[in-house]
Amino acid sequence: MTTPLDDHRLRLDDIDTQLLELLQARDSLAREIVNTKIDAGLPVFSPERERDKVAAFRAAASARDLDPDWAEDLLRMIMSSS
């Protein structure tokens with residue numbers, strides 16, 4: 001038996017799968033960046049880049065009517081795993 005929520009739940013499942021695929025791609029790219037920085041003798045952590053990235057992410061979240069604090073928390077969690 002189907003419910004009115006079934007289609008919505010299937011869409012959520014699809015979005016969750018897409019999120020995982022994007023996170024995997026981001027993680028792979030972040031590893032490449034770290035290796036490139038190490039090979040080039042550059043510092044791995046760039047506070048200026050992080051500051052700019054967080055500000056841009058907050059602005060992009062606000063433009064999409066998302067809570068910028070929540071978006072920043074999400075981004076920081078993602079970045080910390082890189």
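**Close-up views of two pockets and a salt-bridge network**

**Figure 1. The largest pocket has a volume of about 610 Å³.** The model is predicted. Fifteen residues line this largest pocket. Those nearest its centre are R26, A30, K37, M79 and S82. By class, the lining of the largest pocket has eight nonpolar residues, two polar residues and five charged residues.

**Figure 2. Helices contribute to the lining of the largest pocket.** At least two lining residues come from α1 (6–40), and at least two from α2 (47–63). Which helix supplies the largest share of this lining? That helix is α1, with seven residues.

**Figure 3. The second largest pocket holds about 410 Å³ of space.** Its lining is made up of 15 residues. L19, L23, F57, L74 and I78 lie nearest the centre of the second largest pocket. Twelve residues of this lining are nonpolar and three are charged. No polar residue is found in the lining of the second largest pocket.

**Figure 4. Three helices contribute to the second largest pocket: α1, α2 and α3 (68–80).** Each of them supplies at least two residues of the lining. The most comes from α3, which gives five residues.

**Figure 5. Helix α1 runs for 35 residues.** How far apart should its ends be, at 1.5 Å a residue? The expected span is 51 Å. The end C-alpha atoms of α1 are 51 Å apart, so the model agrees with the expected value. G41 follows α1. The phi of G41 is positive, near 70°.

**Figure 6. E72 is a buried residue of helix α3.** Its relative accessibility is 18%. Buried means under 20%, and therefore E72 falls in that class. Leaving out residues up to four places away in sequence, E72 touches V54 and R58.

**Figure 7. R58 sits in helix α2 and is partly exposed.** Its relative accessibility is 24%. The partly exposed class lies between 20% and 50%, so R58 belongs there. Beyond its neighbours within four places in sequence, R58 is in contact with P68, D69 and E72. R58 and A71 are 13 residues apart in sequence. In space, their C-alpha atoms are 6.3 Å apart.

**Figure 8. E72 and R58 meet in a salt bridge through their side chains.** The N to O distance is 2.7 Å. E72 lies in helix α3 and R58 in helix α2, so this pair ties together parts that are 14 residues apart in sequence. Is each partner buried or partly exposed? E72 is buried, with a relative accessible area of 18%. R58 is partly exposed, at 24% relative accessibility.

**Figure 9. E50 and R76 form a salt bridge through their side chains.** The N to O distance is 2.8 Å. The pair links distant parts of the chain, with E50 in helix α2 and R76 in helix α3, 26 residues apart. E50 is partly exposed, with a relative accessible area of 24%. R76 also counts as partly exposed. Its relative accessibility is 35%.

**Figure 10. R76 and E72 form a salt bridge within helix α3.** Their closest N and O atoms are 2.9 Å apart. The two residues are four places apart, about one turn of the helix. Why does that spacing suit a pair on one helix? An α-helix has 3.6 residues a turn, so residues three or four places apart point the same way.

**Figure 11. Five residues are linked in a network of salt bridges: E50, R58, D69, E72 and R76.** The structure holds five salt bridges. Among them are E50 with R76, E72 with R58 and R76 with E72. E72 pairs with R58 and also with R76. R76 pairs with E50 as well as with E72. D69 is part of the network too, and R58 is in contact with D69.

Methods. Residues are numbered from 1 along each chain as its sequence is written. This is a predicted model: local features need pLDDT of at least 70, side-chain atom pairs count only at pLDDT 80 or more; totals for chains, interfaces and linings use all residues. Side-chain values use heavy atoms; hydrogens and water are left out. On a 1 Å grid over the protein atoms alone, a cavity is a set of points where a 1.4 Å probe fits but cannot get out, and a pocket is an open set with protein on both sides within 12 Å along at least five of seven lines; lining residues have an atom within 4 Å of a point. Grid points are joined across faces, edges and corners, and a volume is the space filled by probe spheres set on the points. Ala, Val, Leu, Ile, Met, Phe, Trp, Tyr, Cys and Pro count as nonpolar, Asp, Glu, Lys and Arg as charged, and the others, Gly among them, as polar. Buried means under 20% relative accessible area, exposed over 50%, partly exposed in between (1.4 Å probe, protein chains only). Contact means heavy atoms within 4.5 Å. The expected span of a helix is 1.5 Å times one less than its number of residues. A salt bridge is a side-chain nitrogen of Lys or Arg within 4 Å of a carboxyl oxygen of Asp or Glu.
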